[in-house]
Amino acid sequence: MSTVRSLLRPASATAAALLLATACDSGGDAGPARYGPADTRITAHVGDRFEIAVQANASTREEWHLVAPGPSAPVVRDRGSRTETDPGTEEMDGAPHTVVFTFEAAGPGSARIVLLHCTFAAPCDGRTPVPTTTPPATPVPTASPAPAASPTPRPERRVYNVTVG
């Protein structure tokens, strides 16, 4: 019996130490800080990871693209992007989703992250928007000249100013 107790004591001590370590680490790794479209000022420490999350919907040609920083920026590094399905829309075709861009604070200083917001009306690829009305099959002569075509709006550039200390 004394042999069993002597074997259990180290195991009990190890279990208690593990339980104590787990309880003391209740903060856990909450993951990178997440910012939204309106959070254009971001502060981080060297080594921190942070995310910028924006809404998109491919079925309506609403997209976001990273313009800057480059892949080897000295202050902020791009660590990729992913798409998250919005809760409750998993089974819906054409539902909106969240695009999450992840970055790492690489060195002290300031940097700009630029995202390009492309939409149906302001496409990124130079395509002109499709007219919302169907033109008549045969041209109808008019007395006045046709109005000049207005230029396609440019996509919005969302600039995030990052300070790394």
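This passage describes a salt-bridge network, the main nonpolar core and one loop residue in a predicted model. Local features require pLDDT of at least 70 and side-chain atom pairs pLDDT 80 or more, whereas totals for chains, interfaces and linings use all residues. Residues are numbered from 1 along each chain as its sequence is written, and side-chain values use heavy atoms, with hydrogens and water left out.

The structure contains seven salt bridges, a salt bridge being a side-chain nitrogen of Lys or Arg within 4 Å of a carboxyl oxygen of Asp or Glu. R34 pairs with E51 at 3.1 Å, N to O; R34 belongs to strand 1 (residues 33–35) and E51 to strand 3, 17 residues apart. Strands (E, at least two residues) are DSSP runs numbered from the N terminus. R34 also bridges to E84, with the closest N and O atoms 2.9 Å apart. Because E84 lies in strand 5 (residues 76–85), this pair ties together parts 50 residues apart in sequence. E51 further engages R82 of strand 5 at 3.0 Å between the closest N and O atoms. Through shared partners, R34, E51, R82 and E84 form one network. Within this network, E51 is buried at 6% relative accessibility, while R34 is partly exposed at 40% (buried, under 20% relative accessible area; exposed, over 50%; partly exposed, in between; 1.4 Å probe, protein chains only).

The largest nonpolar core (buried Ala, Val, Leu, Ile, Met, Phe, Trp, Tyr and Cys residues joined through side-chain atoms within 4.5 Å) comprises 20 residues, of which F50, I52, V54, V76 and I113 touch the most other members.

R61, in the loop between strand 3 (49–56) and strand 4 (63–68), has a positive phi near 60 degrees.

Technical notes
Helices (H or I, at least four residues) and strands (E, at least two) are DSSP runs, numbered from the N terminus.
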